[in-house]
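Trainee: Got a minute? I'd like to walk through this one with you.

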Amino acid sequence: DARRVRVLYVEGYPRYDFRFVKVLLERESDKSLGGKSVEVQVVLLDASKGWAETDRSAFRGDFPTRTELFGYDVVILGDVDPKQVPRAAVALRDLADFVKEKGGGLLFLCGEHGTPGAFADTPLAEVLPVTPGEAPAATRPPEELPLVEGYRPRWTPVGQQHPLFLLSPDPATSAKLWGQFQELLWHARGYRAKPGARVLATHPAVRAEGGPAGENLPLIVQQ
């Protein structure tokens, strides 16, 4: 089916966000007008033995070959430590070529392990929309120090008009709906947006690192 989008979702340390994204994509697939429009396959790098036999969306193998990879339209990297990836030197180079040569979509979902700094010395650094800085990557505090100070992303003018984030044709209604969602509790550190990249959302209070004075930390960046 020419209308179907093939998505590969790679997750390193699955938590609630993994299940949420996976279920969201599969739900859209089953309820799409005109039939299934999104085909999702999942690579769970930290999976228990036998997991692939219990999930119909599981990729049958440890990681796609270059030929298999180029058969997808979009790759989503969740909280992935590059060291987790089988045959990392080849696989990460193939992922970079997936973007540069095929023009495939690559989405980085930053986590405590898969921070921008983790990819600084890998082939994926070239296709990241941000440049890792000198500051150490943010990590979760010990369990006895829970994260309690929440925040809501601040949409930039470009982000307010981006089709990914318009929950309603009316921008005011869309902004109101976003304001009803639960606050976020964590964000990465130690990076800055690349020149020419589009910042879609920023932190409301934390200043950007290594950028122009007065700019806040970019949270969602597109290139």
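Mentor: Sure, we'll go from the overall fold to single residues. Keep in mind that this is a predicted model.

Trainee: How many helices and strands does the protein chain have?

Mentor: The protein chain has five helices and nine strands. Along the sequence the pattern reads β-α-β-α-β-α-β-β-β-α-α-β-β-β.

Trainee: What share of the residues is buried?

Mentor: Of the 223 residues in the protein chain, 38% count as buried. The exposed surface is about 13,000 Å², and carbon and sulfur atoms supply 55% of it.

Trainee: And what part of the contacts comes from residues 24 or more positions apart?

Mentor: Among contacts with a separation of 6 or more, such residues account for 67%.

Trainee: On to sheets. What is the strand order in the four-stranded one?

Mentor: The order is β2-β1-β3-β4. Pairing is parallel, and the sheet is open. β2 (38-44) and β4 (105-108) are the edge strands, each pairing on one side only.

Trainee: By how many degrees are neighbouring strands of this sheet turned against each other?

Mentor: By 15° on average, direction ignored.

Trainee: How many bridges join β1 to β2?

Mentor: Seven, with β1 covering residues 5-11 and the two strands running parallel. One residue to look at there is valine 10, whose bridge partner in β2 is valine 43.

Trainee: What else does valine 10 touch?

Mentor: Leaving out residues up to four places away in sequence, valine 10 touches Val43, Leu45, Phe63, Val75, Ile76, Leu77, Gly78 and Val80. Valine 10 also belongs to the largest nonpolar core.

Trainee: How many residues are in that core, and which touch the most other members?

Mentor: The core has 21 residues, and Val10, Leu95 and Leu124 touch the most other members. β1, β3 and α3 each supply at least two residues. The largest share comes from α3, with five residues.

Trainee: Where does α3 lie?

Mentor: Helix α3 (residues 88-102) lies across β3 (74-77) and β4. The helix runs at about 135° to β3.

Trainee: Alanine 88 caught my eye. Which helix is alanine 88 in?

Mentor: Alanine 88 is in α3. Its relative accessibility is 23%, so alanine 88 counts as partly exposed. Outside its neighbours within four places in sequence, alanine 88 is in contact with Pro82 and Arg93.

Trainee: How far is alanine 88 from proline 123?

Mentor: 9.9 Å, C-alpha to C-alpha, with the two residues 35 apart in sequence.

Trainee: Now the three-stranded sheet. Parallel or antiparallel?

Mentor: Antiparallel, in an open sheet with the order β6-β8-β9. β6 (154-155) and β9 (216-222) each have a single partner strand, so one side of each lacks a neighbour in the sheet.

Trainee: How many bridges does β6 make with β8?

Mentor: Two, in the antiparallel sense; β8 covers residues 198-207. Arginine 154 stands opposite threonine 202 in β8.

Trainee: What holds paired strands together in general?

Mentor: Strands of a sheet pair through backbone hydrogen bonds, either parallel or antiparallel.

Trainee: Switching to aromatics. How many pairs are there?

Mentor: The count comes to six aromatic pairs. Take phenylalanine 108 and phenylalanine 119: their ring centres are 5.6 Å apart and their planes are at 70°.

Trainee: Why does the pair count as edge-to-face?

Mentor: The planes meet at 70°, and over 60 degrees is the edge-to-face class.

Trainee: And which parts of the chain does the pair tie together?

Mentor: Phenylalanine 108 is in strand β4, and phenylalanine 119 is in the loop between β4 and β5 (130-132), so the pair ties together parts 11 residues apart in sequence.

Trainee: What is the relative accessible area of each ring's residue?

Mentor: Phenylalanine 108 has 22%, so this residue is partly exposed. Phenylalanine 119 has 3%, so that residue is buried.

Trainee: What about tryptophan 178 and phenylalanine 181?

Mentor: They form an edge-to-face pair, 5.2 Å centre to centre with 80° between the planes. Tryptophan 178 is partly exposed at 24% relative accessible area. Phenylalanine 181 is partly exposed at 42%.

Trainee: Which aromatic cluster are these two in?

Mentor: The cluster is made up of Trp155, Phe165, Trp178 and Phe181.

Methods: Residues numbered from 1 in each chain as written. Predicted model: local features only at pLDDT ≥ 70, side-chain atom pairs only at ≥ 80, totals over all residues. Heavy atoms only, no water. Pairing = 2+ DSSP bridges. Axes fitted to C-alpha atoms, helices over the stretch in contact; angles between N-to-C directions. Contact = heavy atoms within 4.5 Å. Buried < 20%, exposed > 50% of the residue type's maximum accessible area, 1.4 Å probe, protein only. Areas by Shrake-Rupley, 256 points an atom, 1.4 Å probe, with all protein chains shown as cover. Core = buried A, V, L, I, M, F, W, Y, C linked by side-chain atoms within 4.5 Å. Phe/Tyr/Trp six-rings, centres within 6.5 Å; stacked < 30°, edge-to-face > 60°.
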